[in-house]
Amino acid sequence: MADAFSTRTLDITTGSRETVHDLTAACADFLDAVARGRDGLLNVFVPHATAGIAVIETGAGSDDDLLAALHDLLPADDRWRHRHGSPGHGRDHVLPAIVPPHATLPVIGGRLELGTWQSVVLVDTNRDNPRRQVRFSFLA
């Protein structure tokens, strides 16, 4: 039963601008190491109060569209009561209510079962924190 659950933390540098960082290859690498052809669930979790995990299409403009939509929905201005950090940083603390800090995904035969155009991404609008951790957990 000890190998029914495996977990690993990945360190990511997101830089000083808003970003959608593709985690799909890192998810596959983790599953290659731990799933060993088994079915189960992959949980992807970001233990930060200002980032989230999403499943979207990337590379065709959808990642930029997501950031633009979040900017429209959560403007980086002085309306926020949470006021430390860069201007508008309070919106970063609201982000996880819109883009949750986790996703649980099916694993079939040791492989992540995503749709054709789906990718797993870290969504980070917090320009004040350039370093993030993402925890992958596999439950067979």
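The legends below describe three close-up views of a predicted model.

**View 1. The nonpolar surface patch that includes L41.** F5, L41 and L139 together make a nonpolar patch on the surface, with an area of about 280 Å². Within this group, L41 belongs to strand β3, which spans residues 40–45. The relative accessible area of L41 is 41%, and L41 therefore counts as partly exposed, a class that lies between the buried limit of under 20% and the exposed limit of over 50%.

**View 2. The buried and exposed sides of helix α1.** Helix α1 runs over residues 24–34, and the residues buried in it are T24, C27, F30, L31 and V34. These residues lie on the same side of α1 because the arc that they cover around the axis is only 125 degrees. In general, an α-helix has 3.6 residues a turn, so residues three or four places apart point the same way. The other side of α1 carries A25 and D32, both of which are exposed. Just after the helix, R36 adopts a positive phi of about 50 degrees.

**View 3. R17 in the loop between β1 and β2.** The loop that holds R17 lies between strand β1, residues 5–13, and strand β2, residues 19–22. With a relative accessible area of 62%, R17 is exposed, because the exposed class begins over 50%. When residues up to four places away in sequence are left out of the count, R17 touches D124 and R127. V107 is 90 residues from R17 along the chain, and the C-alpha atoms of these two residues are separated by 32 Å.

Key:
Residues numbered from 1 in each chain as written. Predicted model: local features only at pLDDT ≥ 70, side-chain atom pairs only at ≥ 80, totals over all residues. Heavy atoms only, no water. Patch = residues over 30% accessible without salt bridge, like charges linked within 9 Å, V, L, I, M, F, W, Y side chains within 5 Å. Areas by Shrake-Rupley, 256 points an atom, 1.4 Å probe, with all protein chains shown as cover. Salt bridge = Lys/Arg side-chain N within 4 Å of Asp/Glu carboxyl O. Helix = DSSP H or I, 4+ residues; strand = E, 2+ residues; numbered from the N terminus. Buried < 20%, exposed > 50% of the residue type's maximum accessible area, 1.4 Å probe, protein only. Arc of directions from axis to C-beta. Contact = heavy atoms within 4.5 Å.
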